[in-house]
Amino acid sequence: MFSIIPTVGSTSGPSLLSLVLQEVIEPEEGMTEDVSSSDVDWNAVMNAIIQVESQGNPRAVNGNQVGAMQITPICVKECNIILEGRKAKKRYTLNDRYSVEKSKEMFLLIQSHHNPDNNVEYAIRSWNGGPKYSKRGTQRYYERVMSEMK
């Protein structure tokens, strides 16, 4: 089992995930879902994914995958469905995929919804192979991302 990477710096105070989600999600009264706690340094994970996906190029295009994190239209749609379900007003556009900041927000939003345990291995493999990824099919990608994190 892969161990969770601790957040760099102080262990007190809000995590990167909570800070981003506070900006992305405008909670409405009655919302009870807690998506703010995380002991993972998601910056390290996202930066490694960016290097593997696009070598850091926010204008990278590969078919329908674009931007630094190579986000597909389906991923944008999924983010908007999650936001709608959380009664947030914010929505993403296809052009937002070219923004590194907004791409990272989408990654964190997807993780908060599909990866509540903040499992880094799941995050990496599912970014490449979808939520029902094949371990064998994502092995090379996983190794490349992990290598970038070292």
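## Reading a fold, one residue and one helix at a time

Lys87 is exposed, with a relative accessible area of 53%; here exposed means over 50%, buried under 20%, and partly exposed in between (1.4 Å probe, protein chains only). The structure is a predicted model, in which local features need pLDDT of at least 70 and side-chain atom pairs count only at pLDDT 80 or more, while totals for chains, interfaces and linings use all residues. Residues are numbered from 1 along each chain as its sequence is written, and side-chain values use heavy atoms, with hydrogens and water left out.

### Exercise A: the whole chain

Find out how many helices and strands the protein chain has, and in which pattern they follow each other.

*Solution.* Begin with the elements: the chain holds 6 helices and 2 strands. These are DSSP runs, numbered from the N terminus (helices: H or I, at least four residues; strands: E, at least two). Now walk along the sequence, and the pattern reads α-α-β-β-α-α-α-α. Then look at burial: 43% of the 150 residues count as buried. For the surface, about 8600 Å² is exposed, and carbon and sulfur atoms supply 48% of it; this area comes from the Shrake-Rupley method with a 1.4 Å probe. Finally, take the contacts with a separation of 6 or more: residues 24 or more positions apart account for 61% of them, a contact being heavy atoms within 4.5 Å.

### Exercise B: two positive phi angles

Place Gln70 and Lys87 in the chain, and decide whether Gln70 is buried or exposed.

*Solution.* Keep a general rule in mind: most residues other than glycine have a negative phi. Gln70 is not a glycine, yet its phi is positive, at about 50 degrees. Its place is the loop between strand S2 (65-66) and helix H3 (73-85). With 8% relative accessibility, Gln70 counts as buried. Turn next to Lys87, where phi is again positive, near 60 degrees, in a residue other than glycine. Lys87 sits in the loop between H3 and helix H4 (100-114). You already know its accessibility: Lys87 is exposed.

### Exercise C: helix H2 and its partners

Work out the angle at which H2 crosses H5 and the angle at which H2 packs against H4.

*Solution.* Take H2 (residues 42-54) and H5 (residues 120-129): their axes come within 11 Å and cross at roughly 25 degrees. Axes are lines fitted to C-alpha atoms, for helices over the stretch in contact, and angles run from 0 to 180 degrees between N-to-C directions. H2 and H5 are therefore roughly parallel to each other: under 35 degrees counts as roughly parallel, over 145 as roughly antiparallel, 65 to 115 as roughly perpendicular, and the rest as oblique. Now see who meets whom: Trp42, Val45, Ile49 and Glu53 in H2 touch Val120, Ala123, Ile124 and Trp127 in H5. Sorted by class, this contact has 7 nonpolar, no polar and 1 charged residues. Nonpolar covers Ala, Val, Leu, Ile, Met, Phe, Trp, Tyr, Cys and Pro, charged covers Asp, Glu, Lys and Arg, and the others, Gly among them, are polar.

Move on to H4: H2 packs against H4 at about 120 degrees, with the axes 11 Å apart. Residues in this contact include Asn43 and Met46 of H2 and Lys104 and Phe107 of H4. The class split is 8 nonpolar, 3 polar and 1 charged. Asn43 itself, at 31% relative accessibility, counts as partly exposed. Although Asn43 and Lys104 are 61 residues apart in sequence, their C-alpha atoms are 8.6 Å apart.

### Exercise D: H5 against H6

Decide how H5 is oriented relative to H6.

*Solution.* Read the geometry: H5 and H6 (residues 135-149) pack at about 120 degrees, with axes 9 Å apart. That makes H5 oblique to H6. Among the contact residues are Ile124 and Trp127 of H5, and Tyr141 and Met146 of H6. By class, the contact has 7 nonpolar, 5 polar and 3 charged residues. Check Met146: with a relative accessible area of 14%, Met146 is buried.

### Exercise E: a buried serine

Which residues does Ser103 touch, leaving out those up to four places away in sequence?

*Solution.* Locate Ser103 in helix H4. Its relative accessible area is 1%, so Ser103 is buried. Its partners are Met69, Ile71, Asp96 and Arg97. Look at Met69 in particular: Ser103 and Met69 are 34 residues apart in sequence and 6.5 Å apart, C-alpha to C-alpha.
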